[in-house]
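Colleague: I would like to learn to read a model feature by feature. Could you take me through one?

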Amino acid sequence: MRNNYTSTIMSRAISMRISEILKGVFHENKSEFARVIGVSEGSIRSYLNGTLPKADVLERIATNIAISCEWLLTGRGEMTTAAVADTTQTIPTVYSRGRTVPEQAIPVYQTPNIVDLEAFLSTPPETNDYVSLPKLPRCDGAVAMWSDVMAPELKSGDLLVYRRVRDLRKGVLLGQIYMLSVEMGGEEFVLVRYVLKSDKEDCVCLTSKNERADPQDVPVSTIKAMAMVRASIRYKNA
């Protein structure tokens, strides 16, 4: 009887901590939580109702989301592991502010060269890599910067943490850094630039602090997709 009682208490305690992960990291998105740890959404609901996850599921929660095993099992210490801080090696540079969330698991996509930004943003590839960052506005993902055109502010290999712009007519804040897809001369180019007001009608000015990158005035109609760069992460060994 005592073993059953102890098991029940432990199940309830872990259930409460899984609920904290769901709220603090996944913002109540059960399907995303389930996808990250490789279980069904029904299993997530079961854990929240007091079912004790199997050992391999607990291991995936700890590994895939960078959750402290000690905290998950006992409630002692910090929720996230020291490895979370070590993955960034530095404080992220934040470019845009707004309503922040306490903690979020941001998917990191290993995409060396994005050819079709619109397709990438609407249907991102599968990934098992996540970075956990606190106190940022909600983000959709992170990709590695693929050139030095924005150096020294952004260098090749820096992680760009972004939020997709879903309405190009209303969702653009001038003066911010964006990934954007622009049609020029019958070809489509994926760029990272500051988007500023242009002196030309129905255009925006794409610019960089890099002296080698000349400002470009492009018609708004040629922009096919955009994502605001909300933060960047530079590895010390990069």
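Modeller: We will go through strands, a helix, salt bridges, a surface patch and cysteines in turn. Keep in mind that this is a predicted model.

Colleague: Let us begin with strands. How many residues of strand β6 are buried?

Modeller: In general, side chains in a regular strand alternate between the two faces of the sheet. Here, strand β6 spans residues 176-184, and seven of its nine residues are buried. That makes β6 mostly covered.

Colleague: Which sense, parallel or antiparallel, does the pairing of β6 and β7 take?

Modeller: Antiparallel, over nine bridges, with β7 covering residues 187-197. For a register mark, take Val182, which stands opposite Phe189 in β7. The two strands form a hairpin, with two residues between them. Look at Gly185 in that turn: its phi is positive, at about 55°.

Colleague: How many bridges join β6 to β10?

Modeller: Five, and again the strands run antiparallel. Strand β10 takes in residues 223-233. Here the register mark is Leu180, which faces Met226 in β10.

Colleague: What about β3: how many of its residues are buried?

Modeller: Six of eight, so β3 is described as mostly covered, given that buried means under 20% relative accessible area. Strand β2, residues 100-109, is joined to β3 by seven bridges, and the two run antiparallel. Val101 stands opposite Leu136 in β3.

Colleague: Now a helix. Which residues of α4 are buried?

Modeller: Helix α4 runs over residues 55-64, and Val57, Leu58, Ile61 and Ala62 are buried in it. View α4 down its axis: the buried residues fall within an arc of 140°, so they line one face of the helix.

Colleague: And which residues are exposed on the other side of α4?

Modeller: Ala55, Glu59 and Thr63. Follow the chain just past α4 and you reach Ala66, which has a positive phi of about 60°.

Colleague: On to charges. How many salt bridges are counted?

Modeller: The general idea is that side chains of opposite charge can pair when their charged atoms come close. In this model, the count comes to eight salt bridges.

Colleague: Take Glu126 and Arg35. Where do they lie?

Modeller: Their side chains meet in a salt bridge, at 3.5 Å from N to O. Glu126 is in the loop between α7 (117-122) and β3 (130-137), while Arg35 is in helix α2 (residues 30-37). The pair therefore ties together parts that are 91 residues apart in sequence. Glu126 is exposed, at 68% relative accessible area. Arg35 is partly exposed, at 35%.

Colleague: Asp158 next. Is it buried or exposed?

Modeller: Buried, with a relative accessible area of 2%. The side chain of Asp158 meets that of Arg234 in a salt bridge of 2.8 Å, N to O. This pair links distant parts of the chain, 76 residues apart. Asp158 sits in the loop between β4 (141-144) and β5 (159-164), and Arg234 in the segment after β10. Arg234 is partly exposed, at 29%.

Colleague: What is the N to O distance for Glu70 and Arg76?

Modeller: It is 3.5 Å, and the two side chains form a salt bridge. Glu70 is partly exposed, at 44%, and Arg76 is exposed, at 51%.

Colleague: Which residues are linked in a network of salt bridges?

Modeller: Asp140, Arg163 and Arg166.

Colleague: Now the surface. Which residues form a nonpolar patch there?

Modeller: Met10, Leu52 and Leu73, with about 230 Å² of accessible area together. Of these, place Leu73 in helix α5, residues 69-74. Leu73 is partly exposed, at 38% relative accessible area. A residue needs over 30% to be part of a patch, so Leu73 passes that cut-off.

Colleague: Last, cysteines. How many disulfides does a search of the whole structure find?

Modeller: Zero. Take Cys203: it is in no disulfide, and the nearest cysteine sulfur, that of Cys205, is 9.7 Å away. A disulfide needs the two sulfurs within 2.5 Å, so that distance rules out a bond for Cys203.

Colleague: Is Cys203 buried or exposed?

Modeller: Buried, at 17% relative accessible area. Cys139 also counts as buried, at 9%.

Note on methods
Residues numbered from 1 in each chain as written. Predicted model: local features only at pLDDT ≥ 70, side-chain atom pairs only at ≥ 80, totals over all residues. Heavy atoms only, no water. Buried < 20%, exposed > 50% of the residue type's maximum accessible area, 1.4 Å probe, protein only. Patch = residues over 30% accessible without salt bridge, like charges linked within 9 Å, V, L, I, M, F, W, Y side chains within 5 Å. Areas by Shrake-Rupley, 256 points an atom, 1.4 Å probe, with all protein chains shown as cover. Salt bridge = Lys/Arg side-chain N within 4 Å of Asp/Glu carboxyl O. Helix = DSSP H or I, 4+ residues; strand = E, 2+ residues; numbered from the N terminus. Arc of directions from axis to C-beta. Pairing = 2+ DSSP bridges.
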